[in-house]
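Here are my notes on the model you sent, set out as numbered points. They begin at one residue and work outwards from there.

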Amino acid sequence: MTRADRQGAHRVAFEKNRKRILKTENTCGICGKPVNLQLKAPDPMSPTVDHKIPVAKGGHPSAIENLQLAHWTCNRQKSDKLFNNIKEEPKVLGNRNLPKSIDWTLYKG
Ligand SMILES: [Zn+2]
């Protein structure tokens, strides 16, 4: 089996499990508060499906056991923490000083 086939299979399984989670769950697995499933991106409180153990940390990419419903913003903050652990910026940044550009090609949330 080629690498591309494996990724394709994971994507199909992930999509299936993502839909199942959106149908069956209604609380955020990160903050424990209700998720309004009517909200749509880019609303920070819109629903998203989070990997409990990030794929980058060895978590399963598509198994439902590793997936949970989460607010977009909670998922984002979790990812930020993971990245901050890798390269911590010691200087304090004010909200107005936050970098304006993000390289989204590096972000595979
Ligand atoms: Zn949340």
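**Notes on the predicted model**

1. C31 has a relative accessibility of 35% and therefore counts as partly exposed, since that class covers values between 20% and 50%. The model is a predicted one, and the accessibility of C31, like the other values below, is computed from it.

2. What coordinates the zinc ion? The ligands are C28 (SG), C31 (SG), H71 (ND1) and C74 (SG), at 2.0 to 2.4 Å. Along the chain these donors follow the spacing C-x2-C-x39-H-x2-C. One pair of them links distant parts of the chain: C28 sits in the loop between α1 and β1 (47–51), while H71 belongs to strand β2 (residues 67–71), 43 residues away.

3. Why is the arrangement around the zinc ion called tetrahedral? The 4 donor atoms subtend angles of 102 to 116°, and the arrangement qualifies because four donors count as tetrahedral if all angles lie between 85 and 135 degrees.

4. The zinc ligands should also be described by their burial. C28 and H71 are both buried. C74 has a relative accessible area of 12% and so is buried too, the limit being under 20%. C31, at 35%, is partly exposed. As for cysteine pairing, the disulfide count is 0.

5. For the overall layout, the protein chain has 2 helices and 2 strands, in the order α-β-β-α from the N terminus. Of its 109 residues, 24% count as buried. The chain exposes about 8,600 Å², of which carbon and sulfur atoms supply 55%. Among contacts between residues at least 6 apart in sequence, 61% join residues at least 24 apart.

6. Which residues form the largest nonpolar core? There are 9 of them: F14, I21, C28, V35, V49, L67, L69, A70 and C74. Helix α1 and strand β2 are the elements that give two or more residues to this core, and β2 gives the most, with 3. Two members of the core, C28 and C74, also coordinate the zinc ion through their SG atoms. Core residue F14 touches V49, H51, P61, S62 and L67, leaving out residues up to four places away in sequence.

7. Helix α1 spans residues 3–24 and contains N17. Is N17 buried or exposed? Its relative accessibility is 9%, so N17 counts as buried. Beyond its neighbours within four places in sequence, N17 is in contact with S62, A63, I64 and L67. Both S62 and L67 appear in the contact list of F14 as well.

8. Two further residues of α1 can be set beside N17. R18 lies in this helix and is partly exposed, with a relative accessible area of 27%. The C-alpha atoms of R18 and V49 are 6.2 Å apart, although the two residues are separated by 31 places in sequence. V12 is also in helix α1, but V12 is exposed, at 58% relative accessible area. Between V12 and S62 the C-alpha distance is 8.4 Å, with 50 residues of sequence separation.

9. T48 is in strand β1. Its relative accessible area is 17%, so T48 is buried. Where does T48 make its contacts? Leaving aside neighbours within four places in sequence, T48 is in contact with Q68, L69, A70, H71, W72 and N75. That list includes the zinc ligand H71, as well as the core residues L69 and A70.

10. Two points in the loops deserve a look. In the loop between α1 and β1, which holds P42, the peptide bond from A41 to P42 is cis, with omega near 10°. In the loop between β1 and β2 lies G59, which counts as buried at 8% relative accessibility. G59 touches I53, P54 and N66, not counting residues up to four places away in sequence.

Conventions. Residues numbered from 1 in each chain as written. Predicted model: local features only at pLDDT ≥ 70, side-chain atom pairs only at ≥ 80, totals over all residues. Heavy atoms only, no water. Helix = DSSP H or I, 4+ residues; strand = E, 2+ residues; numbered from the N terminus. Buried < 20%, exposed > 50% of the residue type's maximum accessible area, 1.4 Å probe, protein only. Contact = heavy atoms within 4.5 Å. Areas by Shrake-Rupley, 256 points an atom, 1.4 Å probe, with all protein chains shown as cover. Disulfide = S-S within 2.5 Å. Donors = N, O, S within 2.8 Å, 3.2 Å for Na, K, Ca; no water. Tetrahedral: all angles 85-135°; square planar, octahedral: opposite > 155°, others 65-115°. Core = buried A, V, L, I, M, F, W, Y, C linked by side-chain atoms within 4.5 Å.
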